[in-house]
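Visitor: I am new to reading structures, and I would like a close look at a single part rather than a tour of everything. Could you take me to the place where the chains meet, and then follow outward from there?

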Amino acid sequence: MSSAILSEDSIQVSARPRRWHILVFLLPAFIVYSAVMILPLIETLRLSLYNIVDGQSTFVGLANFKVLFGEERWAADFWRALKNNFIFFAIHMLVQNPLGIALAAMLSIPRLRLATFYRTAIFMPTILSFVIVGFIWKLILSPIWGITPFFMDLVGLKAFFSPWLGKPGSALIAVSLISVWQNVGIPMMLIYAALLNIPDEVIEAAECDGITGWSQFWKIKLPLVLPAIGMVSILTFVGNFNAFDLIYTVQGALAGPDGATDILGTLLYRTFFGFQLQLGDRSMGAAIATVMFLIILAGVSLYLFGIQRRVRRYQF
Amino acid sequence: MTRTTLKGLLLASSILGSAGLAHAEDVTLTIESWRNDDLAIWQEKLIPAFEAKNPGIKVKFAPTAPTEYDAATSAKLAAGTAGDLITCRPFDKSLALFNEGNLAGLNDLPGMENFSPVARAAWTTDDAATTFCVPMASVIHGFIYNKDAFDKLGIAIPVTEADFFAALDKIKADGTYIPLAMGTKDLWEAATMGYQNIGPTYWKGEEGRAALIKGEQKLTDAGWVEPYKVLAKWKDYLGDGFEAQTYPDSQNLFTLGRAAIYPAGSWEIGLFNTQAQFKMGAFPPPVKAAGDACYISDHNDIGVGLNTKSAHPEEAKKLLSWIASPEFADIYANSLPGFFSLNSTPVKMADPLAQEFVSWREKCKPTIRSTYQILSRGTPNLENETWVESANVINGTDTPEVAAEKLQKGLDSWYKPAK
């Protein structure tokens, strides 16, 4: 009996040897990813359910969230940050991504000279540090030493200059546009790659049918790069709702003026780590981080199940 | 787990470290500090002066980077490897160290009598019973002005608020200089150089500050709103685009000679002396009417405390007493113009600008920044809110009354004054 089973096993094994190498190759990435991403994430989620009661870390259920949404000051700060974050995201979607598509379309024109130069120049800011970008733009827009008022004066537009970064009405838009300037290279590159992937046969067939120029872009190329645009959008969404560094370097941790540029990232930073005399509150910080995680999770799921499955893909 | 590992490492390093010293005859005291900038002064001036008088005691000044100091010090204190003397941040951070039993009470330290209660306030328990750090240095607020500009325009040093605005009008009318070098971009400039600078005159310094902590006054009272009303008037005298003007911008505008008056903290003196090409002078915050008592913000910044786990408490106390002495005050304050000794014995400063600042102590009543003691322990944080609202008032985003109301509302939400 047992010998029969053994023989059966041995037949299976010999037919399909265990592929240990898969596990071995996956392991390093799995360990590193778990250690630096998954475990901290779980720990953050756990921390958001705890708070210090009488000097002891105690399980408090959803009390931290009750404070965050229930107490007037916390709720006001949170909703303002969320609103600003949506504006930040909207500006990226309305400016950065169309601009990226347009730049990619222009770069893919075969007759364009110096295409490599433009591509490199436009992509360059993406690899610059946030600190440098923030510092450069603070100087460019400075009403005292900046070149913006000088150049605007040359073309007679000085009257339209204002200290944008310091005004509650314009600060968020200004910072968003700086971020767009820095990151526009990413959608450009992704969509440029997608455009290059369109086989020449398709384009030639379109030309035979008399579809050229603009209508060729709208009817042939754009539908073919739609999956790439979807991916760019979701990358923008995740990036924007995790954003922190640029606002911190340009506007400081209080995200002034009057909290006009305060997004979830800066609110989290101030709450978790504290600022100046404000002591850090790790539990409330973790609660905000958890809400951010849920927002991003919801957005990504919506995209994944609602949009990505419906996008038509073309195989060539 | 990482914490215990860290503790273990620190413990191991301390044992190994002290093993080498075991045979040395001299006692070595280590001072923990965040003041990297002071390393040369300690090594070249202060330590030799102390060691010459106290044979057998060696002193080592061991600074950490300012941003790492608090975390590193608490880790070292927990592991028992911290230095004998701990440099104290003002208020709550040091109070926490004392409450955890890491800092010793120093009420009976010889030399402590050299400090006034205001000077000790930053390192004294809430009930004023125990002082746990020797006050070392403070910074004073006031206005630094361009003497050449004042001479050229024939402006006398303003004494009253009316004088001050008359001077600003004159500078503005002339047009050569920006009247006031200050921006609101960094927020804290508006609060620290603006509100906390001129404010004590209106809330009557310590009197108002104590009443606020006791709950007898509110931020919406006249004394606390009035400085905001004055600040709102500053708007017209700031440079173009002051909303986006940062702190370094303001410093540069003044030292390049483009602005006439700089609302200052005394810590600027060292930098301004090396950068400005013109003569500078200083005046204290203007009073409301001629003859009124003047108040200055003389804010405690640095103190030194005794680690309870120090192996040589007697020697460490000797050093602390020396730090409390007029001799230390003299060497320290003169090496770092702008950081003033809190010692009651007046120090003669060699730097004329620093001497001008410190001379106000004799005629004006000192106080500390109103938001620092006790009132910034909760959420929303009063100090941070004051930054935002001070900038709002100058920008015209909020009226003085609305700003005061917001601050009081935020404070009320968590602060219940002891009855």
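**Where chain B meets chain A**

Guide: The contact between the two chains takes 27 residues from chain B and 22 residues from chain A. Please keep in mind from the start that this is a predicted model. On the side of chain B that touches chain A, the elements that give two or more residues are α11 (247-255) and α16 (382-395) of chain B, and α16(B) gives the most, with 7 residues. Sorted by class, this side of chain B has 8 nonpolar, 13 polar and 6 charged residues.

Let us stay with α16(B), and look at a helix that packs on it within chain B. In general, two packed helices are described by the angle between their axes and the distance between the axes. Helix α8 (residues 188-203) of chain B and α16(B) pack at an angle of about 85°, and their axes are 7 Å apart. Angles from 65 to 115 degrees count as roughly perpendicular, and therefore α8(B) is described as roughly perpendicular to α16(B). From α8(B), the residues that make the contact are B:Trp188, B:Ala190, B:Ala191, B:Gly194 and B:Tyr195, while α16(B) brings B:Thr386, B:Trp387, B:Ser390, B:Ala391 and B:Ile394. The residues of this contact divide into 7 nonpolar, 3 polar and no charged, whereas the side of chain B that touches chain A includes 6 charged residues.

The loops that lead to these two helices deserve a careful look as well. Most residues other than glycine have a negative phi, and most peptide bonds are trans. In the loop between β10 (365-367) and α16 of chain B we find B:Pro380, and the peptide bond from B:Thr379 to B:Pro380 is cis, with omega near 0°. In the loop between β5 (178-180) and α8 of chain B lies B:Leu187, a residue other than glycine whose phi is positive, near 65°. B:Leu187 counts as buried because it has 26 C-beta neighbours inside 10 Å.

Further along chain B comes helix α17 (residues 400-412), which holds B:Leu411. B:Leu411 counts as buried because there are 22 C-beta neighbours inside 10 Å, where 20 or more are needed. Leaving aside residues up to four places away in sequence, B:Leu411 touches B:Leu219, B:Leu375 and B:Leu382. B:Leu411 and B:Ala129, by contrast, are 282 residues apart in sequence and 25 Å apart in space, from C-alpha to C-alpha.

To place these pieces within the whole chain, it helps to know that chain B is divided into domain 1 (2-136 + 300-348) and domain 2 (140-298 + 369-412). Taken over C-alpha atoms, the centres of domain 1 of chain B and domain 2 of chain B are separated by 33 Å. Their contact takes 10 residues from domain 1 of chain B and 11 residues from domain 2 of chain B. The side of domain 1 of chain B that touches domain 2 of chain B has 7 nonpolar, 1 polar and 2 charged residues.

Now let us cross to the partner, chain A, and compare the kinds of feature we have just met. Helix α3 (residues 63-70) of chain A and helix α4 (residues 72-107) of chain A pack at an angle of about 75°, with 5 Å between their axes, which means that α3(A) is roughly perpendicular to α4(A). Their contact is made by A:Val67, A:Leu68, A:Phe69 and A:Gly70 of α3(A), together with A:Trp74, A:Ala75 and A:Phe78 of α4(A). By class, the residues of this contact are 6 nonpolar, 1 polar and no charged.

The helix α4 of chain A is also among the elements that cover the buried residues of α9(A), and others include α5 (115-127), α8 (171-183) and α11 (213-241) of chain A. Those buried residues are A:Gly185, A:Pro187, A:Met188, A:Ile191, A:Tyr192 and A:Ala194.

One loop of chain A brings together a cis peptide bond and a positive phi. Both A:Ala255 and A:Pro257 are placed in the loop between α12 (245-251) and α13 (264-273) of chain A. A cis peptide bond joins A:Gly256 and A:Pro257, with omega about -10°, and A:Ala255, although not a glycine, has a positive phi of about 50°. A:Ala255 counts as buried because it has 29 C-beta neighbours inside 10 Å.

Notes. Residues are numbered from 1 along each chain as its sequence is written. Chains are lettered from A and ligands numbered from 1 in the order in which they are written. This is a predicted model: local features need pLDDT of at least 70, side-chain atom pairs count only at pLDDT 80 or more; totals for chains, interfaces and linings use all residues. Domain bounds come from an automatic or database domain assignment. Two residues are in contact if their C-beta atoms, placed from the backbone, lie within 7 Å. Ala, Val, Leu, Ile, Met, Phe, Trp, Tyr, Cys and Pro count as nonpolar, Asp, Glu, Lys and Arg as charged, and the others, Gly among them, as polar. Axes are lines fitted to C-alpha atoms, for helices over the stretch in contact, and angles run from 0 to 180 degrees between N-to-C directions. Helices (H or I, at least four residues) and strands (E, at least two) are DSSP runs, numbered from the N terminus. Angles under 35 degrees count as roughly parallel, over 145 as roughly antiparallel, 65 to 115 as roughly perpendicular and the rest as oblique. A residue is buried if 20 or more other C-beta atoms lie within 10 Å of its own, exposed if 12 or fewer, and partly exposed in between; C-beta atoms are placed from the backbone.
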